[in-house]
Amino acid sequence: MTCYSAIGVAGAGAWGTALANAAARAGRRVVLWTVFPDHAQDMIRTRENKMFLPGVPIAPDIEITADLAVLAETSAILMVVPTGALREVSANLAARLRPGTPLVACAKGIERGTDRFVTEIVAEAAPSAIPAILSGPSFATDVAAGLPTAVTVASVDEAVAAGLAEAMGSASFRLYHSTDVRGVEIGGAAKNVLAIAVGIAHGRKFGASAAAALTTRGFAELRRFGLAYGARPETLAGLSGLGDLILTCGGPQSRNFSLGFRLGSGEPLPAPGSGPLAEGFFTAPVLVGMAAKAGIEMPIAAAVDAVLAGRLGLDEAITGLLTRPQKAEIG
Ligand SMILES: NC(=O)C1=CN([C@@H]2O[C@H](COP(=O)(O)OP(=O)(O)OC[C@H]3O[C@@H](n4cnc5c(N)ncnc54)[C@H](OP(=O)(O)O)[C@@H]3O)[C@@H](O)[C@H]2O)C=CC1
Ligand SMILES: O=C(CO)COP(=O)(O)O
């Protein structure tokens, strides 16, 4: 018997809709919330999220609403809006929440301007809630289709993390639980930036060897950043770190990889916020800024940031990476 019998999902994008279906498959009562009443009405009418997850039926029992009060009545809420909207949505929800309701950040980023990790945003915006994080290698389309997937859910309170894993888990959606909140959220945020680099390499037709080298050295950067900000090494080598890095660097199903691929193929930089959401675009400058503050080197992430900001051309960035002084392979 789960302690979280009703799961709320804030944000009816691709990932929110997939997670709502996963929770329904696990046998939970589910409320799926979008801020736009028209979007809610369309999903109620068609039982499909044509805008973000076309072709996937929304499970029949999922209640779709644009009313925050209905969402707030659930026993645990997955926060599935982009990092840039997480503070606003958490704050709007805060006054309506029962104290002690877990708010599970599912976004993969770091807040620009504040350097806050996603559970820190939730904790500041909704102080009466219990912040938690769900992250790992999981494309929305895979989870929505019921393909086997494993992710990590973390909270400082192990019983909360284990309870959430029990409530959301099913034969096709396996959740490991953890108390290393920081490690889980850093993996998800950093891997998006590194996947842009690997996408660029593929777009440039650099071949599979270059992609493997970039992914591996990218993991060294993710690990360095994580350790500097308090993550546990085993978490960084787990599903939400190495696991999600491998997935996201693996091909065009990833929006971050695809953004890099288009750049590497010679397409111009997209306008910020246009096209499919690629969180790495927004995370790159804050990740690199925080690395500098902690005194750690992240040359691949820094090159991605410089290219996205238009400070470096692709060829200059690539030459800069390839001509770095030789060094011992230590972390
Ligand atoms: N897609 C994936 O495979 C995965 C995504 N993630 C992460 O999940 C997060 C969300 O991604 P995803 O669902 O794919 O993104 P989408 O672009 O598909 O959807 C974003 C959703 O957020 C909502 N939203 C945006 N801004 C606001 C706002 N200010 N207030 C309220 N709602 C808002 C949108 O609302 P509306 O519907 O009303 O337009 C939309 O439902 C990202 O951090 C991503 O990295 C994590 C794992 C997998
Ligand atoms: O986080 C994801 C897979 O775990 C989704 O990656 P993209 O946002 O790059 O599509």
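Leaving aside neighbours within four places in sequence, with which residues is Met298 in contact? In this predicted model, local features require pLDDT of at least 70 and side-chain atom pairs count only at pLDDT 80 or more, whereas totals for chains, interfaces and linings use all residues. Residues are numbered from 1 along each chain as its sequence is written, and side-chain values use heavy atoms, with hydrogens and water left out.

Beyond that sequence window, Met298 is in contact (heavy atoms within 4.5 Å) with Glu221, Leu222, Arg224, Phe225, Leu287 and Ala291. Met298 also belongs to the largest nonpolar core, which has 43 residues. A nonpolar core is here a set of buried Ala, Val, Leu, Ile, Met, Phe, Trp, Tyr and Cys residues joined through side-chain atoms within 4.5 Å, where buried denotes under 20% relative accessible area, exposed over 50%, and partly exposed the range in between (1.4 Å probe, protein chains only). The residues with the most contacts inside this core are Ile110, Phe225, Leu287, Met298 and Leu308. Two or more residues are given to the core by each of α8 (181-203), α9 (208-228), α12 (255-264), α13 (279-294), α14 and α15; helices (H or I, at least four residues) and strands (E, at least two) are DSSP runs numbered from the N terminus. The largest share, 11 residues, comes from α8. Another core, of 40 residues, lies apart from this one and includes Ala18, Leu19, Ala20 and Leu164.

Helices α14 (residues 299-308) and α15 (residues 314-322) pack at an angle of about 170°, with their axes 10 Å apart. The axes are lines fitted to C-alpha atoms, for helices over the stretch in contact, and angles run from 0 to 180 degrees between N-to-C directions. The two helices are therefore roughly antiparallel to each other, a class assigned to angles over 145 degrees. The crossing of α14 past α15 is right-handed, that is, the near helix is turned clockwise from the far one by less than a right angle. In α14, Pro299, Ile300, Ala303 and Val307 meet Leu314, Ala317 and Leu321 of α15. By class, this contact comprises seven nonpolar, no polar and no charged residues (nonpolar: Ala, Val, Leu, Ile, Met, Phe, Trp, Tyr, Cys and Pro; charged: Asp, Glu, Lys and Arg; polar: the others, Gly among them).

Backbone geometry was also examined in two loops. Arg47, although not a glycine, has a positive phi of about 55° and lies in the loop between α2 (37-46) and β3 (48-49). Arg47 is partly exposed, with a relative accessible area of 23%. Lys205, likewise not a glycine, has a positive phi of about 60°. Lys205 is located in the loop between α8 and α9 and is exposed, at a relative accessible area of 73%.

Terms used:
Chains lettered and ligands numbered in written order. Parallel < 35°, antiparallel > 145°, perpendicular 65-115°, else oblique.
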